[in-house]
Amino acid sequence: MEKDPQNRIVVDRPVDEAPTMGLAESDPSTPQAAPAPATAGQELERGVYYATTPIYYVNAVPHIGHAYTTILVDVVTRFHRLKGDDTFFLTGTDEHGEKVQQAAEAHGKSPQEYVDEVSGNFRATWDRLGIRYDDFIRTTEPRHKQVVQDVLQRVYDAGDIVYGEYAGLYCVKCERYYTDKELVDGKCPQHETPPEHRTEANYFFRMEKYRTWLRDLLTERPDLIRPERYRNEVLAMLREPIGDLSISRPRARVPWGIPLPWDDEHVTYVWFDALINYYSVLVARGTLDTYWPHVEHFVAKDILKPHGLFWPIMLKAAGIPLYQHLNVHGYWLIDDRKMSKSLGNVVRPLDLQQKYGNDAFRYFLIRDMTFGLDSNFSELALAERVNSDLANDLGNLLNRTLGMLGRYRDGVVPAAGPLEPEDEALRDAFVALPQQLVRSFDALQFDRALASVMEAVRKANKYIADVKPWELAKDESASERLDTVLATLVEALRCASILLDPVMPGKMLELRKQLGIRNAPFDLATAGEWGLVPAGTRTKPGEPLFPRIDLEELERQIAQPAEEPEPEERIIEHKPEITIDDFAKVELRVVTVEQAEQHPNADKLLVLTVRMGAETRTVVSGIKQHYAPEELVGRKLVLVTNLKPVKLRGVESQGMILAAEDDDGQLSLVTLEKDLADGSEVR
Ligand code: ME8
């Protein structure tokens with residue numbers, strides 16, 4: 001380490017070589033196999049592998065997008081464990097910020113109560129999807145807060161955080177400011193809602209200062225952000241000034257956050273807080289030296305900017321070595337559209353898991369998305385994939401092999417005789433796979449990795465068709481040949497079961513049980529060896545691994561979705577009766593909204609200036625969570641004009657705007673069906 005002129009500690013870029021570790025010892029309970037030649041020179045380099053998912057916002061329930069990243073990282077870390085790497089898998093929840101605070105309020109809960117509940121929801125979903133994470137970080141935990149404050153202090157002391165004022169367009173749902181250029185038709189590109197205009201005095205992180213450093217770094221390490229299209233996107237961002245990042249929020253407005261260590265009137269901006277999770281967890285566990293900077297981040301393209309721009313600069317400013325790679329995937333879409341609550345097209349992972357089984361669902365997600373590109377989700381495509389790859393190819397290979405072993409060899413695996421060229425061809429196809437998979441995984445070609453295993457499985461099915469074991473069985477003199485063929489098929493299945501284990505851990509264990517090889521050596525290197533199943537192994541056939549899905553029935557179901565249950569009739573509690581004269585006391589008039597602004601002292605209130613004829617009034621309205629100020633200007637609404645004025649948080653309200661609210665807290669302003677002049681009376 002050296003010190004730069006500002007007395008900061010500068011750490012060189014991370015070392016690329018991971019330390020190599022010794023081979024893991026084999027399980028002593030494993031039955032001894034006949035010594036077999038390792039055919040593909042399986043020298044797999046072992047290293048350290050640390051992979052992360054984003055920490056998800058706790059304002060929604062997990063959908064297949066969240067499930068995809070988490071399952072993918074589960075698959076990748078299982079693969080690396082199988083390879084013998086020292087592996088660490090981190091996921092968690094992002095629990096601070098304005099959005100969470102608002103979601104808690106909307107549910108009538110305290111923020112802590114709310115985040116405990118939703119974070120628990122995420123964990124329960126991951127458990128049910130067979131996710132084997134090593135730690136689950138919550139940004140509200142003391143172990144995380146402490147490290148965030150340490151990092152902030154370090155950057156502040158180095159002079160890279162300064163106090164200043166900022167005005168801009170802010171999307172609360174993204175918790176960030178947008179530049180005019182980034183908006184689409186004046187709206188947030190993620191949420192398609194207009195941002196708010198905000199002016200705030202905040203602390204700023206001096207990002208612009210590091211712009212050329214990051215640009216040069218992306219040239220020096222071209223695969224730091226991958227696939228390349230996302231590196232190019234970040235380079236494009238760096239072509240113009242990136243400005244400084246507002247990294248605090250006034251505590252009076254957003255109390256739900258980590259206080260700045262030097263000024264507790266401000267809390268840390270959620271992104272600055274959240275990104276540090278990848279690092280804080282290791283500090284807290286005392287494993288920083290083992291796993292940092294071997295970190296592989298997996299995220300979707302929606303959060304490229306914080307991970308591709310903010311995070312490397314934060315690390316640099318804090319004197320922490322950079323991550324190994326930022327791996328960015330595309331979006332799961334439904335009919336080419338984004339999934340969203342408002343479109344009602346959110347696909348829930350647990351529904352699919354229940355219907356098709358965990359492993360089939362996991363297989364589909366990994367097989368059908370090309371990493372980096374968007375992919376359309378369809379249940380029919382899932383079912384077709386399960387039928388073709390899992391029921392037809394893999395399931396069939398197992399059934400035919402077990403069936404023939406049962407018919408011809410009393411369910412016992414025979415010893416192989418000398419290999420013929422067709423046996424060798426099948427063996428060679430399988431033993432090449434571990435190295436091939438390592439390369440595919442390194443290149444983020446997860447779909448290709450699965451396709452190559454399935455190609456070998458199809459070769460095994462073709463091998464059966466070519467060597468025709470049923471004919472060998474009729475010929476006494478071909479008995480040794482039949483032994484070799486059956487033993488070869490068992491080996492093929494053993495290798496496939498190891499290679500597919502990271503994606504389908506449940507079913508592959510079941511496969512090994514049915515083959516009677518539960519205790520056979522089990523790591524990536526042994527998937528590249530041949531002849532490891534001891535002769536005499538007794539098979540235990542069971543239920544088919546992947547029952548075929550009736551596609552016609554599924555198409556019928558999709559065409560006729562299950563009928564929505566009738567909503568329960570609501571019982572409405574009425575107020576006491578009034579006379580027409582009572583009602584006539586209320587004056588209601590049409591008004592035009594001339595101006596709408598955020599209330600200076602209250603989160604949920606807007607201050608409207610409304611016109612009726614020659615007169616204008618100021619009205620404070622609690623509709624901030626439902627309407628952005630910009631949406632209101634120019635609209636005609638209905639005002640109760642003769643309510644006694646009241647002061648709401650320091651601003652006098654001269655009337656009340658009418659709105660309807662349903663049981664779920666949805667709110668709709670009362671508007672006019674025809675365009676009448678403001679001032680018209682409503683009766
Ligand atoms: O952004 N397709 O959390 P988040 C694929 N808290 N993946 C999808 C997806 C889709 N349609 N929708 C969501 C946040 N994802 C921050 C992260 S990290 C320091 C803080 C996945 O709950 C994908 O991984 O909005 C995406 O990046 C992530 O969910 C966003 O999760």
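This is a walk through a predicted model, from its two domains to the ligand site and then to a few notable spots in the backbone.

Let us begin with the overall layout. Two domains are assigned along the chain: domain 1 covers residues 48–329, and domain 2 covers residues 580–682. If you take the centre of each over its C-alpha atoms, the two centres lie 38 Å apart. The domains do meet, through 8 residues of domain 1 and 9 residues of domain 2.

How much area is buried there? The size of an interface is often given as the accessible area lost when the parts come together. Between domain 1 and domain 2 that area is about 700 Å², and carbon and sulfur atoms contribute 42% of it. Charged partners are present as well, with 2 salt bridges found across the interface of the two domains. If you would like a specific pair to look at, go to Glu105 and Lys604, whose side chains form a salt bridge with an N to O distance of 3.3 Å. Counting polar contacts between the domains, with both residues at pLDDT 80 or more, gives 1 residue pair.

Staying with the side of domain 1 that touches domain 2, you can see that helix H2 (98–106) and strand E8 (196–205) each provide at least two of its residues. Helix H2 gives the most, supplying 3 residues. Sorted by class, this side of domain 1 consists of 2 nonpolar, 3 polar and 3 charged residues.

Now turn to the ligand. It is surrounded by 23 residues, and the closest of them are Ile55, Thr69, Asp94, Asp302 and Trp332. Two of these aspartates are worth a closer look. Asp94 places a polar side-chain atom 2.7 Å from a nitrogen atom of the ligand. Asp302 has an N or O atom of its side chain 2.8 Å from a ligand oxygen atom. The backbone takes part in the surroundings too: a backbone N or O atom of Gly65 sits 3.3 Å from a nitrogen atom of the ligand.

A good next stop is Trp262, in the loop that links strand E12 (259–260) to strand E13 (263–268). Which residues does Trp262 touch, leaving aside those up to four places away in sequence? They are Leu152, Gln153, Tyr156, Ile161 and Tyr203. Trp262 also shows how the fold brings distant stretches of sequence together: Gln149 is 113 residues away along the chain, yet the two C-alpha atoms are 9.2 Å apart in space.

Finally, have a look at some backbone details. Arg226 and Pro227 are joined by a cis peptide bond, with omega at about -5°. Pro227 belongs to the loop between strand E9 (225–226) and helix H6 (228–238). Another cis peptide bond links Trp292 to Pro293, and here omega is about 5°. Pro293 lies in the loop that runs from helix H9 (288–291) to strand E14 (295–300).

Further along the chain you come to Asp410, which is not a glycine but has a positive phi of about 55°. You will find Asp410 in the loop between helix H13 (379–409) and helix H14 (421–431).

Notes: Residues are numbered from 1 along each chain as its sequence is written. This is a predicted model: local features need pLDDT of at least 70, side-chain atom pairs count only at pLDDT 80 or more; totals for chains, interfaces and linings use all residues. Side-chain values use heavy atoms; hydrogens and water are left out. Domain bounds come from an automatic or database domain assignment. Contact means heavy atoms within 4.5 Å. Buried area is the accessible area (1.4 Å probe) that two parts lose on being put together, summed over both. A salt bridge is a side-chain nitrogen of Lys or Arg within 4 Å of a carboxyl oxygen of Asp or Glu. A polar contact is a pair of N or O atoms within 3.5 Å; within protein, one must be able to donate a hydrogen and the other to accept it, and residues adjacent in sequence count only if both atoms are side-chain atoms. Helices (H or I, at least four residues) and strands (E, at least two) are DSSP runs, numbered from the N terminus. Ala, Val, Leu, Ile, Met, Phe, Trp, Tyr, Cys and Pro count as nonpolar, Asp, Glu, Lys and Arg as charged, and the others, Gly among them, as polar. A residue is near a molecule or strand if one of its heavy atoms lies within 4 Å of it.
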